[in-house]
Each structure stands twice: as structure tokens, then as C-alpha cells.
Amino acid sequence: MGEKSNVDTGVMDKLKEAGYAASEFNYMYSIPSEGNEDIKPEKGKKFLSKNLKESRMELEFCIFSQSKRRADKNRRLVIIEDKKEKNQMGSFDTMTDSSGLYKFALTDLYHYAIELLSKTRSIKQIFGIAVAGEKLDANAIFFYKEGEICDKYALKTITIQKGIKAIYISNFKEWDRIGKDNIDKYIQNDVLRLNSPESKENIVHIKSVAANLSKSIDVSLKLDPYKRLLLVCGLLIGINQDPNIVFNFDDRKGATVLFETIKEALPETKFDHNKRKQLLRSFSFIKDEPELQMVVVDKKGKKLGLPLKIISEKLQKKSAIGYSIIDLMKESTHIDLLGHLFDTFTKYVSVGGSQGDIVLTPSHLTRFMADIVDVNPSDNVLDITVGTGGFLIAALKRDEDIIMNDDTLSLTEKEEKIAKIKEENLWGIEYDANMFATCVANMMLHGDGKSHIYRGNSRIGQELTGDKRLFSDIFKGVKFNKLLFNPPYEHHLEYVRNGLSYISKGGKAAIIIPKNTFNKCTETLDAIKEEIFENNKLLAVVDLPKGQFKIKSKTVGTDVAIFLFSVGYRHNFKVVDNERKESGDIVTFIKLKKDAVHTKGAERGLPSAKTKKIFQNLTEYICTDFLDEELLNDEEYFEPVLKKRIEKYKFMYKDYAPLPCIEPTEEEFLEVIGKYLEFNRKKGEMESDI
């Protein structure tokens with residue numbers, strides 16, 4: 001065994017800080033070519049040393065993250081290879097070149113990982129770390145064999161060779177995350193991203209459980225959709241506050257215990273008196289509802305247990321990739337879980353709104369809108385008709401992506417920045433008391449401990465609880481940079497005006513409203529529009545496919561568009577001077593013919609891979625100042641882009657789209673003339689008869 005270098009000692013210190021004893025990280029771990037009691041190659045195979053001979057592998061560090069029993073067929077190893085000098089790291093692109101063995105840490109790491117994975121059956125995964133220099137510069141690679149669940153669901157994988165894939169992590173700093181108690185969670189969530197909302201299995205699982213819950217609650221409790229949702233909200237808050245609360249649900253007092261636990265989760269130190277009072281009022285039915293204290297009996301007369309027990313078990317049911325709804329609430333900060341539940345619970349029922357409908361914005365649209373206004377971690381984001389919080393969660397997801405891709409930060413530093421955003425940067429207003437409670441619960445469960453969600457009337461700019469403060473008082477000292485929202489379809493012009501008024505000069509707003517919003521003309525509406533365009537410049541209109549929001553009480557959908565504004569600048573409408581020269585601000589009109597969202601089965605309503613590509617191209621086109629129209633050249637999905645100086649009261653794509661030029665064939669022309677002459681002949685006969 002050679003003498004320890006300063007790098008070796010530094011790595012040992014990191015591993016000890018992560019929770020490993022010296023005996024557990026196996027310094028200079030030696031494996032003969034035929035294997036040892038811990039690791040044996042498959043019959044007929046032998047391990048190669050770094051000189052590519054069948055002699056002995058000398059791993060710098062080798063950690064068995066699970067037991068060393070031979071019977072353990074799903075072992076994961078952590079192996080570490082280090083070099084004394086920083087320039088001995090090597091690169092990911094050249095690590096497969098065996099000429100770099102002994103010279104570069106990444107090449108040594110790759111060699112040993114592939115030897116172990118390709119020549120054994122028991123080892124399925126290897127988390128490898130290459131370290132170079134006394135400052136412990138490190139890159140990590142997670143290797144795994146194809147056919148595992150991570151091969152099916154993991155994002156951003158690279159095929160290394162047949163049967164083996166990898167995920168590369170540059171500038172690795174997460175030593176504290178690879179401790180034996182943390183590494184499983186780190187790999188599942190931060191490396192494989194199995195908790196990501198982009199994993200459709202998570203969303204399908206949520207929808208499946210929600211449908212099951214809705215049916216179960218409907219049969220056993222006969223609760224209205226809001227109470228179904230609030231009951232699940234309450235359970236999630238309670239279990240998040242105290243996981244052991246589930247053991248009380250076998251008892252009739254379980255509902256009271258749940259309500260008291262919800263109270264504990266809403267301390268007066270974090271929620272002002274009036275907000276807390278409003279929230280507890282919304283959840284109070286849990287302790288008062290007699291049905292929650294009655295045993296559920298199925299059609300055959302079999303006793304199934306108390307409702308809270310049944311529902312909590314469904315919330316704890318694991319998905320195909322190992323996440324329950326409760327797990328997802330804890331592990332993934334960017335799934336609008338309660339939005340998905342609400343949409344499922346109200347699938348066949350109309351709730352809220354003047355026409356009995358509240359319709360939530362699909363997640364692919366909320367994220368697209370966050371992208372095109374360029375939400376970033378320094379922004380304060382506002383939604384004045386917040387619903388379940390979907391736009392705020394989309395903004396949070398974008399912020400997280402930016403922070404997580406910053407290789408200058410450690411994972412702990414990244415998490416601190418994300419926590420600060422949750423505490424300070426996300427603001428919302430909701431009128432409906434039940435939806436307000438749902439949104440607060442959603443944001444709490446996403447880690448928003450302070451909760452800048454208020455119950456208020458955004459038409460008049462006033463809070464609806466306590467002293468009924470004006471929004472100007474609530475927002476005092478806060479500079480909002482970005483506005484994202486989907487206002488109610490009644491009085492939506494007033495909501496648009498009011499929302500824009502809270503955004504600082506130079507900010508941006510993306511608002512999804514009916515396409516003809518600004519085309520409608522009355523004296524009152526015209527005055528509001530004058531005010532909007534006196535203070536805000538319209539940059540673009542994204543005309544979405546028909547029927548984006550299918551109202552639950554009807555079969556038709558509302559035709560909507562996304563209006564993108566630059567805030568604080570007057571919009572100059574089209575003017576033509578005496579010399580017929582035009583002036584005025586250019587608006588870009590983009591018409592999307594279809595969005596390729598899934599329409600059948602469990603994936604109905606979810607974006608497909610094509611949907612993501614469509615909106616990725618749209619985002620890139622808009623965020624690069626509308627320059628590269630080739631991004632939108634797929635005629636199956638896009639109409640030609642129009643760039644126009646617009647006239648007042650003309651804000652729709654169709655107002656500027658050129659009329660199709662149709663040249664009839666000679667046969668068509670003669671057919672029409674013939675029909676016209678025949679019509680005149682018959683008309684003449686009728687007149688002569690008269």
C-alpha cells in the first residue's frame with residue numbers, strides 16, 4: 001500500500017464528515033482478477049488491472065453502500081479515484097481511452113466501473129467520483145445497467161456501452177449527500193430525477209390516485225368537490241407535520257386529532273391572525289363532519305374501516321418508480337399536485353365562478369409562460385388570481401432549474417437559495433375561500449413556510465380578511481418584476497389592468513385570456529384598454545389551438561391566447577402619415593394550430609414529447625427577440641408568423657392574416673356560371689307564372 005497523499009487524506013475527511021467510519025470506505029481496496037469474498041466476476045471472466053492485465057485491481061476507495069452478503073444481488077458501490085494534481089482530472093470525452101490509465105482520475109474511474117459492472121451480475125449501480133488536486137476538485141458519474149427502473153424513467157442519460165448507461169455530474173460538491181443514510185435519496189431525486197414532474201409516471205400516478213380517491217370519497221362520504229380537496233389538503237398537511245398521525249386514523253377521534261395537527265402546522269408566528277382564522281375555518285369541517293367518524297361498509301357488507309384510514313392509505317400507495325403522493329409532496333417542489341387533484345375531483349362537476357366553473361391552466365402552459373417572461377431567481381413573481389398556485393409553482397421550477405444548473409454552487413448552497421425564493425419571492429391573491437385554503441396548503445407543502453398567499457378581491461385591490469387592507473399596503477416595499485396569471489373570464493379586462501399596475505417598470509407579464517378580449521368595444525371597456533396600453537407595450541400574441549379550457553359544464557372550450565407585455569412603456573399604435581409611411585410598435589403574432597397533448601387513457605391532458613418540443617421552439621423564438629422564424633417552420637403546427645403594427649381594437653391573429661388567394665379552375669368557373677344562369681332561368685319562369 002502506497003503512502004497517503006494530501007488528496008487521499010482530504011477525501012477521507014470528506015467521507016468521515018458524510019458519516020462513514022474508516023473501516024467502511026476501504027482505502028486502497030484490492031480485488032484479484034478472479035475476485036474476492038465481496039465481489040466475484042461471472043464464470044469465465046476475470047478483472048483487468050489498470051495495466052490491462054489479469055492481475056489485481058487497486059481501487060483508491062470502495063464503499064459498499066449495502067450489505068456485503070453474497071446473496072445481495074442488487075448491490076451499489078461507491079468508488080473514488082484521485083490524483084495529486086488538478087491537471088490530472090482528465091475529461092469525460094477522453095476517459096474511455098485506455099492510454100490515460102494511471103494518468104487521469106476519470107480514466108481510472110471509468111476503467112474500474114466498467115470492469116465491475118460488465119463482469120458481475122450482483123453489481124447493478126456504481127456511483128463514481130474522480131478527484132484531482134488538493135482542493136478536491138471532483139466530477140462524478142453514476143453508472144447503471146440498462147433494464148433497471150432508472151433506465152426507463154431517468155433523465156439525461158448517456159449510453160456508455162451496450163447494457164451500461166451513465167449520468168455525468170460535473171463540478172461535484174455534494175459529499176454530504178453520499179453518506180450511507182442519504183445516498184439512496186440523493187441518487188433517486190438529485191441524480192436520476194425520478195421525483196421530477198417531467199416524469200409522466202408521477203403525474204399519471206397522481207391522477208390515478210386522485211380518481212380513486214374521488215370515487216372512494218364520493219361513495220363513502222358524499223362530500224362536495226371542494227371538501228374532497230380540502231380533506232386531502234388537510235391530510236397532507238397533517239401527515240407532513242407529523243407522519244405518525246396516521247396511527248390515529250383507526251380511532252373515531254382521528255378527525256379531531258387531524259384538525260389539531262393542522263392547527264399546529266399553521267402557527268401564529270408564521271400566519272397572521274386573520275389569515276390563520278380563515279384557513280382554520282375552511283378546514284373545520286374535518287372535525288365536525290359526522291361521516292368521517294363512521295365506518296365505511298362496501299356493497300357486500302364488509303367493513304373497510306374509517307374514512308381517514310382508507311384515504312391516508314391511498315395517499316401512501318407507491319407508484320411504479322417508488323413515490324407515493326406524500327413522497328412527491330416532500331421530495332418534489334414543483335408538481336402542482338393539488339391542482340391535479342382538483343382537476344380530477346371536479347372532472348364531472350361544476351364548481352365556483354359565475355358560470356359554475358373554475359378551470360386551471362395546464363402545467364405545460366404555466367411553464368411556457370414563466371419561460372417567456374424570463375423568470376429568474378432574483379424576481380418577485382405575482383399571480384392575482386392564483387387558484388391552486390400553478391403559475392407560482394412553474395416560476396419556482398424555473399428558478400430551481402437555473403440554480404441547480406449553477407456548477408459554482410454546492411447542493412447545500414443551491415437548496416438555501418431555493419428556500420429563500422420560497423420564503424420571499426412568490427406572491428398570490430385568491431378570491432374563493434376554499435381555493436385560497438387549497439393554494440396556501442399547496443405552497444406550504446412545497447416548502448413555502450411564510451406564505452405570501454392572500455385572500456382578496458383583485459377587481460378592487462382589497463384583502464377580504466381582517467382589516468381588509470388594500471393590496472398597496474400588502475405589497476408595500478415589494479418590487480414585482482413578473483406577472484403570470486389566467487384571470488376569470490368575467491371582468492377580465494379589469495383584472496388585466498390591475499395586475500399590470502402592480503408590476504415595476506421594465507418588468508414583463510404573460511397573461512392568458514380569451515382571444516377577443518381587446519377586440520370587444522364599449523365605452524367602459526375602451527377606457528380600460530386605453531389605460532392598459534397607455535402604460536404597457538404589447539410584444540406578442542400567442543394564439544393557442546381551439547378549446548384549450550373545456551368548461552366542465554359544457555362540451556365546448558374557450559378560445560384563448562397568451563398576451564406578452566413589457567410593463568411601464570406606452571404602446572404606440574399604427575399611424576400612417578401623409579406620405580403613407582407607417583410608424584408604431586411591432587407586435588408578433590404566433591398562431592399554434594395544435595399542441596399534440598395526449599387525448600386518451602391515463603395520459604389524457606398531459607404534454608407529449610412533441611408538445612414539449614413545440615413549446616421549446618416557441619420559447620426559444622420569443623426569448624431570442626423573435627428572430628429565428630425557422631424554429632416555427634413546421635406547417636403542421638404553426639401558421640406563418642406575422643409581425644404587424646397594430647390598430648386599436650384589432651389584437652387577433654385573424655385581424656392581420658392575409659386572406660387566402662383561391663384561383664378557380666376553368667371547370668369550377670363554368671360550373672358556377674352554369675348554376676347562376678340556371679338560377680336566373682328558374683327565377684324568370686316563376687315571375688312569368690305570377
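**Salt bridges and a central strand**

With a relative accessibility of 40%, Lys180 counts as partly exposed in this predicted model. Its side chain meets that of Glu24 in a salt bridge, at 2.7 Å from N to O. The pair links distant parts of the chain: Glu24 sits in the loop between α1 and β1, Lys180 in the loop between β7 and α4, 156 residues apart. Glu24, at 28% relative accessibility, also counts as partly exposed.

This pair belongs to a count of 38 salt bridges. Another one stays within a single helix: Lys397 and Asp401 meet at 2.6 Å, N to O, and both lie in α14, four residues apart, or about one turn of the helix. Lys397 is buried, at just 5% relative accessibility. Both residues also take part in a network of salt bridges with Arg367, Asp371, Asp374 and Arg398.

Then there is Glu531, whose salt bridge with Arg497 has its closest N and O atoms 3.8 Å apart. Glu531 lies in α19 and Arg497 in α18, so the pair ties together parts 34 residues apart in sequence. Glu531 is partly exposed at 39% relative accessible area, and so is Arg497 at 22%.

Turning to the strands, eight of the nine residues of β5 (residues 137-145) are buried, so this strand is largely enclosed by the rest of the structure. Strand β5 runs antiparallel to β4, with eight bridges joining them, and antiparallel to β7, with six. Phe143 of β5 stands opposite Ile126 in β4 and opposite Ala166 in β7. Four residues separate β4 from β5 in a hairpin, where Gly133 in the turn has a positive phi of about 90 degrees.

Note on methods
Residues are numbered from 1 along each chain as its sequence is written. This is a predicted model: local features need pLDDT of at least 70, side-chain atom pairs count only at pLDDT 80 or more; totals for chains, interfaces and linings use all residues. Side-chain values use heavy atoms; hydrogens and water are left out. Buried means under 20% relative accessible area, exposed over 50%, partly exposed in between (1.4 Å probe, protein chains only). Helices (H or I, at least four residues) and strands (E, at least two) are DSSP runs, numbered from the N terminus. Two strands pair if DSSP finds at least two bridges between them. A salt bridge is a side-chain nitrogen of Lys or Arg within 4 Å of a carboxyl oxygen of Asp or Glu.
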